[in-house]
Amino acid sequence: MSVNRFIFLFSRVPHRICTKSLRSTNALVGYRCGRFGFITFKEPLSGFVSFQRSVSSSRPPDTSLFVPLTIKSDVGSDGDVGAELTQPLDKSELLKILNKFYKRKEMQKLASDHGLDARLFHQAFISFRKYVLENSNLSADLHIILNDLCCGAGHIDDLYPYFMRHAKQIFPMLDCMDDLRKISDLRVPANWYPEARAIQRKVIFHAGPTNSGKTHHAILRYLAAKSAVYCGPLKLLAHEIFEKSNNAGVPCDLVTGEERTFVDAEGRQADHVACTIEMCSVTTPYEVAVIDEIQMIRDLSRGWAWTRALLGLCAEEIHVCGEPAAVNFVRELMYTTGEEVEVRNYKRLTPFSILDQAVESLDNLRPGDCIVCFSKNDIYSISRQIEIRGLECAVIYGSLPPGTKLSQAKKFNDPQDPCKILVATDAIGMGLNLSIKRIIFNSLVKPSMNEKGEKQMDTISTSQALQIAGRAGRFSSIFKEGEVTTMHREDLPILKEILSRTVEVIETAGLHPTADQIEMFAYHLPDATLSNLIDIFVSLSQVDGLYFVCNIDDFKFLADMIQHIPLNLRSRYVFCTAPINKKQPFVCTSFLKFARQFSRDEPLTFDWVSNLSQLCLYQNILHTDLCLKSYRFMDMFPDANRVREIQQELDSIIQMGVRNITRLIRATETSAPSMTDPVPNQKRLAQSPISFRKIRRLPKAQDIIEEGEPLDRSLGSRLVQEGLLTPDLLRQLQMEWSKVHQDEERGVKLVAGTLNDKTKGRKKKK
């Protein structure tokens, strides 16, 4: 029977039958097949009707993401009916017929018209051939067709419907491609937030450069409102608004990725909340909402959070703060919601100037200097060299615990503290209040992620340079005028050229598939993994010129890690949103243990968490614990308060460890030659005689150096032999290590003893 004859017969099937659900697995499809009468087989009718429809899309899907499923014969225990009606099949003859079918250009073209490109056609054929040759009990209809072909009584094209039936079994997305495209249509994200669309919001854009008071004016309105939410890019900024609001007599809660703090003793929510932007609620009504650093809406990883807040917050007034380069784009987005934008422009309160000379040497540092690095290795090396010169410095970078960051910032800002130098990453560019006189760029090259999720090194943009340089001089500090320069002479003209450019206007906003969208995808593709669902969603997604889909590599990494653990899709999705550092194997292992414990429906108590690891990695583990508990899996994480208590204790120990490390490094390098040359960049640092790399958060004597060599006899002997260390200094160094280790052990025992006492007290009360 020819393909045209097959399609003609099915065109006679009543329309009400053909429109059965694509999910129906019991619909019987039949046709008259020669002398053997009416043969039936299981297959959704709409699958065959869809042969006549072309897949409509603005772009073809990325079929490399389509993972074939393994299927088995659906023949029951009734025996091989096909063989009883005809005769057993000759496998060698079957192989010739199948290979002939594969080479038919007409079949390849017909399959391509219905979703099977060359890659999928090949994969489907390999699976179909294996299915036919290895199954002793084929379905009766397929067996009869194959027997006819072996006997020369049929046409090779008669295999096509059975081949397509098999292809749609191993690639179920082919049968519901239109539905998948509708679900992944991201062209009108404003419609995702019906609560926000139900009110007419007033949008006010506070536009201005760094240190212009734009956020200050928005916060004044925030404090005056009956109810309000502040959405910031950093936990530190949310914490700052939290403290400022409560100090002003306006009760305010704090919600971040790892913390939910209620000012009400009984846990009732306050009318004001300060949160990181990912944690804002788009269903809670407010009078005022403040969205800080709106230019982050184009960030390749986090931009979706600003898009969600801008389009979805249910507030009568939306106060947006950010660069003037975002004004026109925000206006354009608000046209899609029917809301107008009022723009309030601000000028910088204190001037800053670009110096004509680079610093060139750390000997030329002055109080109020901030050296900005884009590498942790550079931060450690520079802070070490500053300490050698007898100067104290504070250190701030992104992955430090929040408590440690605040402690370092207060230390630097305190006029009575001898610490007058700051070494930091560009994390200081996001509104952290620091009394900086001079910003010194140690480098102008920063690692970044491109659209494909690949790491690359790029010169910083004008927007980034202005954001960082703007921290020099602050209206509320002792430094009313700021200065900006570079550490290396050759970087200074490049910095001047970067700062002279016009800031690139914002043209697109980030989006991310929601849990609801992924659940709808899973309904159609129940056997696909979460990582594969995300991949197919992004591949099929349609966005207009205003949007792009954010990078989801970290999400997929976690999804693949816990794929083997039995979790429902919603819980799996939430676990994958946890801020896990995938470069730390132990933290990833702990994350796996969290998911496995949760899947067993067993609570993740503090006692269970405390048995996971040594205290040197508690901080990262507790961070993950807090992110998953309370507002996501409250019942399974009953000890949130205890975990926060131990986290605060660990912050103190970490700060003590950082101080001890600084003293130790200073003592270690007293015999090293004085470095009066310019501070080397990362490439030059590799040539340093002693390289202490990536100091752990909670250091132990044997673990203080990561990615380097431990301080064992071989290293000590080599340093002595090379004249870099004297025997006396080596003995002194060993004594220093021992003292650090003893101090740390005392601190750990103190924390553990305190927790044990509290646990015993609770048990006695019970």
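In this predicted model, K556 and D535 form a salt bridge whose closest N and O atoms are 2.9 Å apart. K556 belongs to helix 22, residues 553-561, while D535 belongs to helix 21, residues 530-540, so the pair ties together parts that are 21 residues apart in sequence. Both K556 and D535 are buried. Elsewhere, R104, E106 and D157 are joined into one network by salt bridges that share partners.

In total, the structure holds 27 salt bridges. Side chains of opposite charge can pair when their charged atoms come close. Three of these pairs are set out below, each with its N to O distance.

| Salt bridge | Distance | Separation in sequence |
|---|---|---|
| K556 and D535 | 2.9 Å | 21 residues |
| E483 and R366 | 2.9 Å | 117 residues |
| R197 and E339 | 3.9 Å | 142 residues |

The second pair in the table consists of E483 and R366, with 2.9 Å between the closest N and O atoms. E483 is part of strand 18, residues 482-486, and R366 sits in the loop between strand 11 (352-354) and strand 12 (369-372), so this salt bridge ties together parts that lie 117 residues apart in sequence. The two partners fall into separate accessibility classes. E483 counts as buried because its relative accessibility is 17%, under the cut-off of 20%. R366 has a relative accessible area of 37% and is therefore partly exposed.

The third pair joins the side chains of R197 and E339 at 3.9 Å, N to O. Distant parts of the chain are linked here: R197 is in helix 11 (residues 194-197), and E339 is in the loop between helix 15 and strand 10, 142 residues away. R197 is partly exposed, since its relative accessibility is 25%. E339, by contrast, counts as buried because its relative accessibility is 2%.

What surrounds E339 in the model? The loop that carries this residue runs between helix 15 (327-335) and strand 10 (341-345). Leaving aside residues up to four places away in sequence, E339 touches A196, R197, I199, Q200, R201, V203 and M334. R197, one of these contacts, is also the salt-bridge partner of E339. In addition, the side chain of E339 makes a polar contact with the side chain of T337, at 2.8 Å. The side chain of E339 thus takes part in a salt bridge with R197 and a polar contact with T337, and E339 itself is buried, with a relative accessible area of 2%.

How values were computed. Residues are numbered from 1 along each chain as its sequence is written. This is a predicted model: local features need pLDDT of at least 70, side-chain atom pairs count only at pLDDT 80 or more; totals for chains, interfaces and linings use all residues. Side-chain values use heavy atoms; hydrogens and water are left out. Helices (H or I, at least four residues) and strands (E, at least two) are DSSP runs, numbered from the N terminus. Buried means under 20% relative accessible area, exposed over 50%, partly exposed in between (1.4 Å probe, protein chains only). A polar contact is a pair of N or O atoms within 3.5 Å; within protein, one must be able to donate a hydrogen and the other to accept it, and residues adjacent in sequence count only if both atoms are side-chain atoms. Contact means heavy atoms within 4.5 Å. A salt bridge is a side-chain nitrogen of Lys or Arg within 4 Å of a carboxyl oxygen of Asp or Glu.
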